[in-house]
Amino acid sequence: MSDAVIRAEGLGKRYRVGERERYLALRDILTRAITAPFRNGNGRKNGRGADHIWALRDVSFEIEQGEVIGLIGRNGAGKTTLLKILSRITRPTSGFAEIGGRVGSLLEVGTGFHPELTGRENVYLSGAILGMGKVEIARKFDEIVAFSEVERFLETPLKHFSSGMQTRLAFAVAAHLEPEILLVDEVLAVGDLEFQKKCMGKMQDVSKSGRTIVFVSHQMNQIRRLCSRVLWIEGGAIREAGATAMILGEYESALSSGKSKTRRADGSYDAARFVRWSIESPDAGAPNLLNTLGAVSMHFTVEVTRRVKSGHHGIALFNSERQLMWAWATDEVELEPGLHDFRYTFPTLPLRPGSYSWQVSLWENGEALDLWDCLPDLIIATEVHQHPQDQWNGILNIPCELEIGRLTTA
Amino acid sequence: MSEGSMAAEALLASRPAVLRIVPPSRWWKLPIQELWAYRELLYFFVWRDIKIRYKQTAIGAAWAVLQPLLTMLIFTLFFGRLAHIPSEGLPYPVFSYSGLLPWMYFAAALQASTNTIVENQRLITKVYFPRLVLPISSVVSGLVDFGISFLMFVVIMAYYRMHPVWAMLWLPAFLVLALLTALGVGLWLSALNAIYRDVRYVLPFMVQFWLFASPVVYPASLMPAKWRWVYALNPMTGVIEGFRWALVGHGAPPIRLLLVSTGVVLAVLISGLAYFQKMETTVADVV
């Protein structure tokens, strides 16, 4: 059984559906009881025959101490239910789990916050609810406040905080939890980009300190950065489990094949479809790796089944945080049936090294024929033109020359 | 060795015992150890309830004095003066206030605990803590108001030139009894209300009815002796008569009433705990 700090076997969770819509009222129970002798027995629609769904079915896995595990899957797959069971918020219907450590669960930001209490009071309350002792909160209080950047508003009631401030404060408290096992449910999706980066940094610190983290997210870049292993949950069961890169690759291709609105469920499509892309004669040997700041060409292959007249074609380049780097479009695209090659030539792509994704689209008369978020990602691995001591920020990577000349003498 | 694995080893060494998460079983046991581990959270919930209550009302702490005081005045006028209800030789204001003191605590605690699970629904579905902490904190936070009302009683005693009596040493015991009574009934109500949402609408009527079924306005001695033990099945009978005796020390302690009432309190408490625990296993799914 080794170092497993979380072990689950055959975990299952069954919910009743339908009858959950209405809360029960005592008077209904009483009425039913009183009228029971008068009913012919043909009426029990919602009784025994209530529908059940299995939100989780036979889930088994082991997580070792210090691992950072990503939980991915579509909405409704059962990820939150699994976290709730591991957090003891809800009991499993079958199976069992064994937890070897103090659990901190972040299923929501701002748990326990009360609008009438001040910022300071809410820090204490929320910290206590998340599992910190009074002494611990007092010790970390200054750090928490500094992280949240709301020093000036500590003594104002929370209802006067903006939602952004509330989120920051809530996350600041949660980020300073130090349980052995941390369960995080998509809470890193909140806040502005700057703050998200801060939170990710904190997560990384937590994982470096040897703690175990189970992390649910829909943002693949976050999973890639933090997690060494991924569990893919679908329909309440584990579909795949393994190393991050491999599972994410499979997950993304499963997603993208269903992504296009114009592609029907059986895979057929109307008029046109982008099938692949690559870099022209890549130096690095991989069709998606760019390692030069010089001229480069990209190829996008389109399969066309019927004639496209006055088509509109768009292309966009996004970075790993889904920020738009560049977009361009052209009209009057005419395509006969068959395979076509769209060749883009750039004198340079001076972007900082990282992972990017192309998005290409084809429209006709205002209707989308195909919109494709290209896979695989474009990886830019060029020489860095930045002073080694500068903090690496900014979007561009431009080689430049500086000449200092003297204009006057003193 | 990397920094991470060294830290991991340190954590491993200090690992607590393994916790098993299993489907709910048929048996329940009182999670005393767990409750003790979460005592700080209990403190915070009580602190939160008190802070919020006093922040939201303009009158704030004064309400804890005004409510029993005004009620006592009305009772004195209508039950004492006009209806001539006997008050066992005590001035009627003292008589009714000494009954109101535990009663108001009880009624307030019931009010608070009935809705506590539903009110804290967001918390319950997002964080784990033993749910018992919630009704317990509702019952404990009423003690602050009780303390303030008690000070008022001291003023009333002084006004009527009544001396403190030795029986007052028993007061903490009766306070504990009142707390257990409030907790027992509160557990039932909060569990019932979490499942059947109309319970909290029934509550005001129930409290009203219960007030007149308890020896607040009139003494238990009004009941014919033959029926007095039935009357004592109301747990508040023992609590209130006991309180009154402890506060003013008149006559003998109402032992027989107390025995019956205390028995009922324990039964309600134990069954309340069992029912609450049963509800707890499914509450996060239905609340």
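## Reading a contact between two chains

Author: Welcome! This is a predicted model, and a good place to begin is where its chains meet: 45 residues of chain A and 38 residues of chain B make up the contact.

Reader: Which parts of chain B supply the side that touches chain A?

Author: To read such a surface, go through the helices and strands one by one. On chain B, at least two residues each come from α1 (3-13), β1 (19-21), α3 (39-56), α7 (121-126) and α13 (255-286). The largest share is that of α3(B), with eight residues.

Reader: And how do the residues on that side divide into nonpolar, polar and charged?

Author: Sort them by residue type. The side of chain B that touches chain A has 22 nonpolar residues, eleven charged ones and five polar ones.

Reader: In what sense do β4 of chain A and β1(B) pair?

Author: Look at the direction of each strand, then at the bridges. Here β4 (residues 94-99) of chain A pairs with β1(B) in the antiparallel sense, over three bridges. For one bridge to find on screen, start at I99(A) and go across to its partner in β1(B), L19(B).

Reader: Let me turn to chain A itself. How many helices and strands does it have?

Author: Count eight helices and 18 strands in chain A. Its length is 410 residues, of which 35% count as buried. You can also ask how far apart in sequence the contacting residues are: among contacts in chain A between residues at least 6 apart, 72% join residues at least 24 apart.

Reader: Are the two faces of β5 in chain A covered or exposed?

Author: Check the residues on each side of the strand. In β5 (residues 103-106) of chain A, V103(A) and S105(A) lie on one side, G104(A) and L106(A) on the other, and all are buried, so to describe it simply, both faces are covered. This strand also runs parallel to β6 (residues 181-185) of chain A, joined by four bridges. L106(A) has V184(A) as its bridge partner in β6(A).

Reader: Where in chain A is confidence lowest, and where is it highest?

Author: Start with the whole chain: the mean pLDDT of chain A is 81, and 85% of its residues reach 70 or more. Among its elements, helix α1 (residues 26-35) of chain A is lowest, at a mean of 70, while strand β15 (residues 338-346) of chain A is highest, at 92. Two stretches of chain A have pLDDT below 50. Residues 40-49 have two contacts in the model beyond near neighbours in sequence, and residues 258-266 have 13 such contacts. Where pLDDT is low, predicted coordinates should not be read in detail.

How values were computed:
Residues numbered from 1 in each chain as written. Chains lettered and ligands numbered in written order. Predicted model: local features only at pLDDT ≥ 70, side-chain atom pairs only at ≥ 80, totals over all residues. Contact = placed C-beta atoms within 7 Å. Nonpolar A, V, L, I, M, F, W, Y, C, P; charged D, E, K, R; others polar. Pairing = 2+ DSSP bridges. Buried ≥ 20, exposed ≤ 12 C-beta atoms within 10 Å, placed from the backbone. pLDDT = per-residue confidence, 0-100.
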